[in-house]
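Visitor: Before we discuss this chain, could you put the model in front of us and then take my questions in turn?

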Amino acid sequence: MSLQTARVRTSLVAVTTAGALLVLPACSSSSKSASSSVNAGQAAAAAAASPSTSADRVKLAKTKFVLNASLAAGAAYQWIYKPFKAGTFKKGTKGRTAALIKGGLAGAFTYNRLKAALNDAKGDPTLSKATDALSGAVDNLKSLPSKIKGGNASDADVNQVNSVVDGFKSAGAANGLNVTNQVPAASQLTQMVNS
C-alpha cells in the first residue's frame with residue numbers, strides 16, 4: 001500500500017467519523033451535558049481530521065464539499081421542491097403549516113450548507129475556480145426561508161434553488177465528484193442551521 005493510499009484512507013475515516021458526530025446529536029435527546037460531550041467529541045474529531053500536507057487538504061476539501069452540497073441538495077428536494085410541486089404550500093391545503101415550517105427550515109439549511117460547501121471549495125484550487133460563479137447565486141437564496149415560511153415562495157424561487165443546486169452538482173461533476181441528494185434527518189435542519 002502506497003503512502004498516498006494510506007493518507008486517502010485516513011482522510012476518509014476521519015471525515016466519516018466527523019460526519020457521524022454531526023448525525024449523532026440529531027439522534028439523541030438534547031441536553032446540556034450531551035451537547036457539551038458532543039462538542040468535545042467534534043473538536044477531537046476535527047483535530048484528528050486535520051490534514052498534514054497540501055495533498056490531504058485538497059482531498060479533505062473535496063470530501064467536505066460533496067457532503068455539504070449533497071445535504072443541501074437533499075434538503076431542497078425533500079422539503080422545498082417536492083411539497084411545492086405537490087401543492088402543499090398553497091392556502092387551504094392539508095398539512096400546509098407543517099410543510100411551510102419544514103420548508104423554511106430547509107431553505108435556511110440549504111443556504112447554510114451551500115455556503116459551507118463554497119467555503120470548503122476554497123481548500124481546492126480547481127474546485128474553487130468552478131464554484132466562484134456560484135457564490136452570488138447562493139447569496140440570492142438568503143431570503144428564501146422567509147418567503148417559504150410566509151407562504152410567498154413562487155415557481156421562480158423554487159426554480160432558483162434547483163438551479164443553484166444543479167450548479168453545485170455540475171461543479172462537482174466537472175471535478176470528478178458525485179454530488180447527490182442526501183436527505184438529512186428533520187432534526188438536523190435546525191441543528192445544522194445553527195452551526
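The questions below go from the overall fold to the core, and then to the pairs between side chains.

Visitor: What kind of model is this, and how are its residues numbered?
Guide: This is a predicted model, in which local features need pLDDT of at least 70 and side-chain atom pairs count only at pLDDT 80 or more, whereas totals for chains, interfaces and linings use all residues. Side-chain values use heavy atoms, with hydrogens and water left out, and residues are numbered from 1 along each chain as its sequence is written.

Visitor: How many helices and how many strands are in the protein chain?
Guide: Both kinds of element are DSSP runs numbered from the N terminus, a helix being H or I over at least four residues and a strand being E over at least two. From the N terminus on, the elements run α-α-α-α-α-α-α-α-α. The count is therefore nine helices and zero strands.

Visitor: What percentage of the residues in the protein chain is buried?
Guide: Buried means under 20% relative accessible area, exposed means over 50%, and partly exposed lies in between, with a 1.4 Å probe and protein chains only. Of the 195 residues in the protein chain, the buried ones make up 38%.

Visitor: What share of the contacts with a separation of 6 or more joins residues 24 or more positions apart?
Guide: A contact here means heavy atoms within 4.5 Å. Among contacts in the protein chain with a separation of 6 or more, the part due to residues 24 or more positions apart is 77%.

Visitor: Which element gives the largest share of the largest nonpolar core?
Guide: A nonpolar core is a set of buried Ala, Val, Leu, Ile, Met, Phe, Trp, Tyr and Cys residues joined through side-chain atoms within 4.5 Å. Of the 37 residues in the largest one, Phe65, Leu114, Val138, Ile148 and Phe168 touch the most other members. The elements giving two or more residues to this core are α3, α4, α6 (134-139), α7 (144-149) and α8. Its largest share, eleven residues, comes from α3.

Visitor: Which residues does Leu114 contact, leaving aside its neighbours within four places in sequence?
Guide: Leu114 is among the residues that touch the most other members of the largest core. With the neighbours within four places set aside, the contacts of Leu114 are Ala72, Val138, Leu141, Val164 and Phe168.

Visitor: Why is the pair of Phe65 and Phe168 classed as it is?
Guide: The structure holds three aromatic pairs, where rings of Phe, Tyr and Trp (its six-membered ring) pair if their centres lie within 6.5 Å, and planes under 30 degrees apart count as stacked, over 60 as edge-to-face and the rest as tilted. Phe65 in helix α3 (residues 54-86) and Phe168 in helix α8 (residues 155-174) are 103 residues apart, so the pair links distant parts of the chain. Phe65 is buried at a relative accessible area of 0%, and Phe168 is buried at 1%. Because the ring centres are 5.9 Å apart and the planes meet at 25°, the pair is stacked.

Visitor: Which residue forms a salt bridge with Lys62?
Guide: A salt bridge is a side-chain nitrogen of Lys or Arg within 4 Å of a carboxyl oxygen of Asp or Glu, and by this rule the count comes to five. Lys62 lies in helix α3 and its partner in the loop between α4 and α5 (125-131), so the pair ties together parts that are 62 residues apart in sequence. Lys62 is partly exposed at 22% relative accessibility, whereas the partner is buried at 3%. With the closest N and O atoms 3.9 Å apart, that partner is Asp124.

Visitor: What is the N to O distance in the salt bridge of Asp139 and Lys115?
Guide: Asp139 lies in helix α6 and Lys115 in helix α4, so this pair ties together parts 24 residues apart in sequence. Asp139 is partly exposed at 37%, and Lys115 is partly exposed at 32%. The N to O distance between their side chains is 2.8 Å.

Visitor: Is Asp157, which meets Lys147 in a salt bridge, buried or exposed?
Guide: The side chains of Asp157 and Lys147 meet at 3.0 Å, N to O, with Asp157 in helix α8 and Lys147 in helix α7, ten residues apart. Lys147 is partly exposed at 31% relative accessibility. Asp157, at 9%, counts as buried.
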